[in-house]
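Grab a coffee and work through these short exercises with the structure open beside you. Try each task before you read its solution.

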Amino acid sequence: MRSILRIAFAVALLSLAVSPAWSRSSAPPAGASGPSAAVPKEAKLPQGFVYVADLIPGALLDIRYYGSNNFVGARVDGYFAPRAILSRKAAEALKNVAGELAAQGFALKIFDAYRPQTAVNHFVRWAGDPRDITAKSAFYPEVDKSRLFEEGYIASRSGHSRGSTVDLTIVDVASGKELDMGSPFDFFGPVSHHGAKGISPIQTANRKVLRDVMEKHGFKIYPEEWWHYTLANEPYPDTYFDFPVR
């Protein structure tokens, strides 16, 4: 019996030795994502903020700044987990949006919500480095990086940091596909503007579905980005928060 126990113990030690180190860590390696990637447990949020998934469990999360599929081309400072956080007031309004869309066979997909000022500072540093154009072809092919500030794509402060702004789209539940909005999330260019010319009638109609339901429940548009909405009566209009997304 002792011999058997010693063999079993040796096998267990061997399995630990050959298993990937990051699988036993609290965080995945750079680029890891998806349900299998270990992420930190939910943190205690400041008063007045909630995790969107707690109020809208049917919402799909594709938090782009937690990974590398974004205009920076890398994970952004301040994002330690692929979670969406909003002020409770904004989240409750968004819950009403999700309920109305669910009755039509749609779900929300969220790309970003609350954004720490630390992340905004990362964007500013990135914009100041003309050599880093890793994601230019996908996100800003027709915009010179040196003009991102001048053209309003990057700023030293973001409404997201006030906690009541969300970047999102609509997914058809039956097919699992996003509605075609005519340009991808975070694409820098006129095609992403509300009222953009050159997109199809179907793409225009899909944007209208999102805009109508968001405005109905108290959100306002950002004219240059079809995906960006801010609660009109936001609770913290003059406060820019900097707690991390965990």
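**Exercise 1. Confidence**

What is the mean pLDDT of the protein, and what percentage of its residues reach 70 or more?

*Solution.* Keep in mind that this is a predicted model. Its mean pLDDT comes out at 88, with 84% of the residues at 70 or more. Next, look at residues 1-37: the pLDDT there is below 50, and the stretch has 21 contacts in the model beyond near neighbours in sequence. Where pLDDT is low, predicted coordinates shouldn't be read in detail.

**Exercise 2. Strand S5 and its partners**

Work out which strands pair with S5, and in which sense.

*Solution.* Start with S5 itself, residues 165-172: 7 of its 8 residues are buried. Now take the partners one by one.

- S4 (residues 106-112) runs antiparallel to S5, joined by 6 bridges. One pair to find is Leu 108 with Ile 170 of S5.
- S8 is antiparallel to S5 too, with 3 bridges. Here Val 166 has Tyr 229 of S8 as its bridge partner.
- S6 (residues 177-178) pairs with S5 over 2 bridges, again antiparallel. Val 171 is matched with Glu 178 in S6.

Finish at the hairpin of S5 and S6: there are 4 residues between the strands, and Gly 176 takes a positive phi near 80°.

**Exercise 3. The largest pocket**

Find the largest pocket: what is its volume, and which element gives the largest share of its lining?

*Solution.* First, the volume is about 490 Å³. Second, 28 residues line this pocket, and the closest to its centre are Gly 152, Tyr 153, Tyr 222, Glu 225 and His 228. Third, check the elements that give two or more residues to the lining: helix H4 (117-127), strand S7 (219-222) and strand S8 (225-231). S8 takes the prize with 4 residues, the largest share. Last, sort the lining by class, and you get 11 nonpolar, 7 polar and 10 charged residues.

**Exercise 4. Arg 211**

Is Arg 211 buried, partly exposed or exposed?

*Solution.* Locate Arg 211 in helix H6, which covers residues 201-216. Its relative accessible area is 30%. Buried would need under 20% and exposed over 50%, so Arg 211 counts as partly exposed. Now for its surroundings: leaving aside neighbours within four places in sequence, Arg 211 contacts His 194, Ile 221 and Tyr 229. That Tyr 229 is the S8 residue you met as the bridge partner of Val 166. Finally, compare sequence and space: Arg 211 and Thr 169 lie 42 residues apart in sequence, with their C-alpha atoms 10.0 Å apart.

How values were computed. Residues numbered from 1 in each chain as written. Predicted model: local features only at pLDDT ≥ 70, side-chain atom pairs only at ≥ 80, totals over all residues. Heavy atoms only, no water. pLDDT = per-residue confidence, 0-100. Contact = heavy atoms within 4.5 Å. Buried < 20%, exposed > 50% of the residue type's maximum accessible area, 1.4 Å probe, protein only. 1 Å grid on protein atoms, 1.4 Å probe; cavity = no way out; pocket = protein on both sides within 12 Å on 5 of 7 lines; lining within 4 Å. Points joined across faces, edges and corners; volume = space filled by probe spheres on them. Nonpolar A, V, L, I, M, F, W, Y, C, P; charged D, E, K, R; others polar. Pairing = 2+ DSSP bridges.
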